Amino acid sequence: MMRRILLLLILPVYAPLLHADPRLPVIPAYSTNITSSPFNATSGTATNTTAIQNAINAIAKLGGGTVEIPSGTFLSGPLNFSNSINLQLDSGAILRMLPYGSYPGTAAFITATTLTNIEISGTGTIDGQADFVGWWGHGLGTSSRPMLVFFSKCNVVLVQNITLENPPSMHIVFKNATGNVTVQGITINTSGSSPNTDGIDLIGTNCLVQNCSISAGDDNIAFGSTGGTTSGVLVTNCSFGSGHGLSVGSNTSSGVSNITAVACSFNGTQYGIRMKSDNSTSAGGEGGITQNLYYDDLTMTNILIGAIVIYSYYNEYGTPFDISPATAVMQGDPTPNSTTAIWRNIVISNLTVTVANGGEAGIIWARTEMPLTNIVFSHVNITAPTTFDVYNAYGVQFVDSQVTLPSGSNTFTIYNAGITLTNDSPAAGVSTLDGLTSLNSLALYNASASTTATDIFGADPITLSAGSLAVGNNFLVPDAEPSISRSAPMRARSPPMAISHSTTRPSILPTPPDLAREVTRYLPTREF
């Protein structure tokens with residue numbers, strides 16, 4: 001069982017990302033069964049809210065223990081946890097919400113507030129009984145539909161081995177300074193078209209999610225909110241089906257940092273890695289600092305919209321698909337405020353992706369006034385129908401990586417971007433570039449690229465070292481003579497050559513560090 005991963009990054013944050021094991025609940029030995037006297041819950045059509053709540057309260061009075069739900073189907077209204085309680089669903093047990101029209105109010109089905117040492121376990125099922133005739137079919141907003149399980153300000157929480165399905169809104173929500181959370185071995189299986197049915201919304205510190213299978217109607221897992229800092233989270237050995245992928249946001253104002261996702265698979269999700277926020281000062285897209293994120297050893301198959309999607313215009317473009325450089329230009333350049341989204345220091349390594357027809361390789365689209373900084377793609381291979389967009393982002397490095405598109409498609413479309421393509425040894429493939437003039441820059445180390453855009457780089461540097469840039473349409477070096485002729489390749493010899501905004505000959509730049517070797521050197525050390 002993987003419990004810790006030690007990560008050293010080549011980004012400006014050099015301290016290792018060490019994920020300590022969350023503490024696990026200590027549950028007293030007392031136990032009771034909800035069908036026992038005096039509780040007398042019954043399987044079938046009877047409502048058992050009072051019986052189950054009385055069982056929880058009785059065990060709580062003893063200082064805690066296990067409340068057992070045996071095999072059978074038990075209908076109930078909203079339930080409230082207490083300290084040091086384990087709600088155990090035996091094999092064949094179904095704890096089922098009362099249906100739409102009978103459920104009282106909008107409180108979560110199971111609520112735990114300001115508690116310590118709590119657990120939900122067993123191989124049974126918690127069923128929200130939502131469908132498109134009931135909760136999902138009346139145009140109700142998310143806040144008007146109950147969550148299935150809600151933890152607020154709780155510490156030392158374990159959810160393991162259960163199945164959750166068909167919630168009116170989110171399946172499991174952790175919020176408001178929750179800490180020491182372990183979610184392991186659970187199955188979430190809900191229609192991909194169900195509205196806002198996030199698998200796990202995780203806002204907390206020192207958290208572990210492992211060995212889970214999650215198919216949902218919204219984010220498979222979402223980090224970040226206005227309800228507390230998210231930091232020190234490890235997601236490992238999970239599989240994701242329908243849903244919106246492994247997400248950050250849309251609210252990130254309380255901060256998201258030190259997140260690691262490793263050894264996970266995605267199949268048929270809309271997105272793979274998704275980060276979304278804005279500069280809103282009210283609910284929905286309240287931006288903050290998101291930093292020090294590490295994704296390693298991920299496999300994505302049949303991604304429907306985009307493999308890697310990072311964007312800061314969530315309120316304007318809920319789904320940033322087919323965004324052109326002209327659209328990026330039109331967003332203006334407002335003054336940053338306290339809720340402007342900041343993305344920085346991200347590593348994505350050992351990733352293999354196939355994107356379905358109609359999808360795109362990815363998009364990085366930070367705000368004009370707050371560009372993304374420092375993202376490394378190491379040993380990433382993406383096969384997709386359309387381009388990878390990079391807008392308002394600097395320190396974007398593709399190391400021994402490849403984006404494979406149909407013939408005639410541009411590999412990258414850029415605006416206000418600084419991109420480095422580097423390989424350990426000369427690569428055979430050629431990356432094609434398109435975009436609009438702005439503060440674009442390009443560095444090629446053992447890499448080749450081509451473009452037909454005449455002014456894509458404006459006045460900013462092009463750096464070549466054992467690489468080449470083939471230009472196919474009268475590319476002009478700003479304020480320099482002579483112009484580069486049609487289809488003339490630019491090739492650097494040792495030492496590398498930079499083409500910069502100058503009327504003098506190209507300057508000589510020092511050779512940068514071997515980025516490929518540095519990234520490989522600091523791949524994770526895993527402890528099992």
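Asn292 lies in strand S25, which spans residues 289-303. In this predicted model, Asn292 has a positive phi of about 60°, although it is not a glycine. Asn292 is buried, with a relative accessible area of 7%. Asn302 lies in S25 as well. For Asn302, too, phi is positive, at about 60°, and this residue is not a glycine. Its surroundings are described by another value: Asn302 is partly exposed, with a relative accessible area of 35%. Most residues other than glycine have a negative phi, and most peptide bonds are trans.

Two peptide bonds of the chain may be considered alongside these residues. The bond from Ser37 to Pro38 is cis, with omega near 10°. Pro38 belongs to the loop between strand S3 (31-33) and helix H1 (49-61). The bond from Gly249 to Ser250 is also cis, with omega near 15°. The loop that holds Ser250 runs between strand S22 (246-248) and strand S23 (256-267).

**The chain as a whole**

The chain contains three helices and 41 strands. Of its 528 residues, 58% count as buried. The chain exposes about 19500 Å², and carbon and sulfur atoms supply 50% of that area. Among contacts between residues at least 6 apart in sequence, 67% join residues at least 24 apart.

**Nonpolar cores**

In soluble globular proteins, nonpolar side chains tend to be buried together. The largest nonpolar core here has 115 residues, and those with the most contacts inside it are Phe151 and Tyr295. Strand S27 (residues 342-355) gives the most to this core, with six residues. A second, separate core has 11 residues, including Tyr311, Ile363, Trp365 and Tyr415.

The contacts of Phe151 show its surroundings in detail. Leaving out residues up to four places away in sequence, Phe151 touches Ala112, Ile118, Ile120, Val157, Val159, Ile172, Val173, Phe174, Lys175 and Thr178.

**Paired strands**

Strand pairing is described here for two strands, S8 and S34. The table lists their pairings.

| Strand pair | Sense | Bridges |
|---|---|---|
| S5 (residues 72-76) and S8 | parallel | five |
| S8 and S11 (residues 125-127) | parallel | three |
| S32 (residues 412-422) and S34 | parallel | five |
| S34 and S36 (residues 462-465) | parallel | four |

Strand S8 covers residues 93-97, and its side chains alternate along its length. Ala93, Leu95 and Met97 point to one face and are buried, whereas Ile94 and Arg96 point to the other and are not. Ala93 in S8 stands opposite Gly72. Ile94 has Thr125 in S11 as its bridge partner.

Strand S34 covers residues 441-445, and four of these five residues are buried, so the strand is largely enclosed by the rest of the structure. Ala443 of S34 can be followed in two directions. Ala443 stands opposite Thr420, and it also stands opposite Thr463 in S36.

**Ser431 and its contacts**

Ser431 is found in strand S33 (residues 430-435). Is Ser431 buried or exposed? Ser431 is buried, because its relative accessible area of 16% falls under the 20% cut-off. Leaving aside neighbours within four places in sequence, Ser431 is in contact with Thr411, Phe412, Leu421, Ser448, Ala449 and Ser450. Thr411 is 20 residues away from Ser431 along the chain, yet the C-alpha atoms of the two residues are separated by 5.5 Å.

**The largest pocket**

Rolling a probe the size of a water molecule over the atoms shows where empty space is left. The largest pocket has a volume of about 710 Å³. Its lining consists of 28 residues, of which Thr142, Met170, Asp198, Asp201 and Asn251 lie nearest the centre. The elements that give two or more residues to this lining are strand S15 (172-184) and strand S17 (200-210). S17 supplies the largest share of the lining, three residues.

Terms used:
Residues numbered from 1 in each chain as written. Predicted model: local features only at pLDDT ≥ 70, side-chain atom pairs only at ≥ 80, totals over all residues. Heavy atoms only, no water. Buried < 20%, exposed > 50% of the residue type's maximum accessible area, 1.4 Å probe, protein only. Pairing = 2+ DSSP bridges. Contact = heavy atoms within 4.5 Å. Areas by Shrake-Rupley, 256 points an atom, 1.4 Å probe, with all protein chains shown as cover. Core = buried A, V, L, I, M, F, W, Y, C linked by side-chain atoms within 4.5 Å. 1 Å grid on protein atoms, 1.4 Å probe; cavity = no way out; pocket = protein on both sides within 12 Å on 5 of 7 lines; lining within 4 Å. Points joined across faces, edges and corners; volume = space filled by probe spheres on them.
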